[in-house]
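The following exercises introduce a protein structure to a reader who has not met it before. Each task is followed by a solution in steps.

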Amino acid sequence: MTKFFKSIALLYSTKQLQGTTLPLQAVWFTLSFGSYGLSTWINTLFAEVHLQNIYLNALIFASSSFPGNVLSIFLLDTCGRSTVLTGSLLSAAMSLVAFAYIAYVDAKDDDDYNKDANNNNKGGSSLPKSLIVLSACAFQCCAVIAWNTLAVLTPELYPTSVRNSGMALCGASGRVGAMVAQIFIAFTVHKPSRMLSIAAATVLFGALSPFCFLPPDKTRQTVDDDRIACHRPMPTNNNVNESLSLYKDNDGGGEDENTSAGCSVPSLIEQNNHTNQRGYQDHQII
């Protein structure tokens, strides 16, 4: 148990690691709140907005995960992890806003119909029901892209010594978000527009975290522990000696770059003194 708390404490031991851990926790929490909350209650939500074939629409909703997975393959290495994550979360939030608006119009039309005692029409929403399914599917597709991006981005931003602890803590934050969502939605599912609006605001907050607070991602770069710890850019060529020289002392016995940059995480070169003993010492991917 002591080792567990020490591992977690390491994630907040430096400003660099704090700047990685806290925004990632926010994204995991908010994305779990929105995606697990909606997917768990989707049948009840569809019933509240008066869809006819609930189970068929739920099947269509679940099937929208497939295009999200396909798009992730092409976007992750093309547009960059942080860009894709922010864009997918923003799109997911906008999809929930559209869903909330349609649910609001549907409820308003039903109230107007019920108040009119002399109405001889069948009533119903002035907007087509297909828009509800379309907005829900758009959210699910964008949420899947965000999950895939987050699964790649999170371990890349942590050095090897705390990578497992970082993934575990972020995953736990997501589980907390999913549990909070179940309690929240249980009290608000009968007011779909309000519930969806709050979920959209939560996901929108998560979208701002990678854009404003996370360090640069490692798109088309190799994972290098020392650079992850100190948030340094990758070298411009594939020369391993150049990579090693960044962490060795100057010829005149000057200060190590890790120390001069204010990074308190010790260099793996100092720990192991050999390239082959490093946790991650790959060539830069072309």
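Rings of Phe, Tyr and Trp (its six-membered ring) form a pair if their centres lie within 6.5 Å; planes under 30 degrees apart count as stacked, over 60 as edge-to-face and the rest as tilted. The model is predicted, and local features need pLDDT of at least 70, side-chain atom pairs count only at pLDDT 80 or more, and totals for chains, interfaces and linings use all residues. Residues are numbered from 1 along each chain as its sequence is written, and side-chain values use heavy atoms, with hydrogens and water left out.

**Exercise 1. Determine how many aromatic pairs the structure holds, and describe the pair of Trp28 and Trp147.**

Step 1. The structure holds four aromatic pairs.

Step 2. In one of them, Trp28 and Trp147 meet edge-to-face, with 5.5 Å from centre to centre and 70° between the planes. This pair links distant parts of the chain, since Trp28 belongs to helix α2 and Trp147 to helix α7, 119 residues apart. Helices (H or I, at least four residues) and strands (E, at least two) are DSSP runs, numbered from the N terminus.

Step 3. Trp28 counts as buried because its relative accessible area is 9%, and Trp147 is likewise buried, at 18%. Buried means under 20% relative accessible area, exposed over 50%, and partly exposed in between (1.4 Å probe, protein chains only).

Step 4. Ring pairs join Trp28, Tyr36 and Trp147 into a cluster.

**Exercise 2. State which helices and strands the protein has, and how much of it is buried.**

Step 1. The protein contains 13 helices and zero strands.

Step 2. Of its 286 residues, 46% are buried.

**Exercise 3. Identify the residues that touch the most other members of the largest nonpolar core, and the helix that gives the most to this core.**

Step 1. A nonpolar core is a set of buried Ala, Val, Leu, Ile, Met, Phe, Trp, Tyr and Cys residues joined through side-chain atoms within 4.5 Å.

Step 2. The largest such core has 51 residues, and those touching the most other members are Leu38, Phe46, Leu89, Leu96, Phe99, Leu150 and Leu196. Among the helices that each supply at least two residues are α2 (15-40), α6 (81-115) and α8 (160-188). The greatest contribution comes from α7, with 11 residues.

Step 3. Contact means heavy atoms within 4.5 Å. Apart from neighbours within four places in sequence, Leu150 is in contact with Leu24, Val27, Trp28, Leu31, Leu85 and Pro155.

Step 4. In soluble globular proteins, nonpolar side chains tend to be buried together.

**Exercise 4. Describe how α2 and α8 pack.**

Step 1. The two helices, α2 and α8, pack at an angle of about 35°, and their axes are 7 Å apart. Axes are lines fitted to C-alpha atoms, for helices over the stretch in contact, and angles run from 0 to 180 degrees between N-to-C directions.

Step 2. The residues of this contact between α2 and α8 comprise 16 nonpolar, 10 polar and one charged. Here Ala, Val, Leu, Ile, Met, Phe, Trp, Tyr, Cys and Pro count as nonpolar, Asp, Glu, Lys and Arg as charged, and the others, Gly among them, as polar.

**Exercise 5. Establish where His50 lies, and whether His50 is buried, partly exposed or exposed.**

Step 1. His50 is in the loop between α3 and α4.

Step 2. With 39% relative accessibility, His50 counts as partly exposed.

Step 3. His50 has a positive phi of about 65°, although it is not a glycine. Most residues other than glycine have a negative phi.
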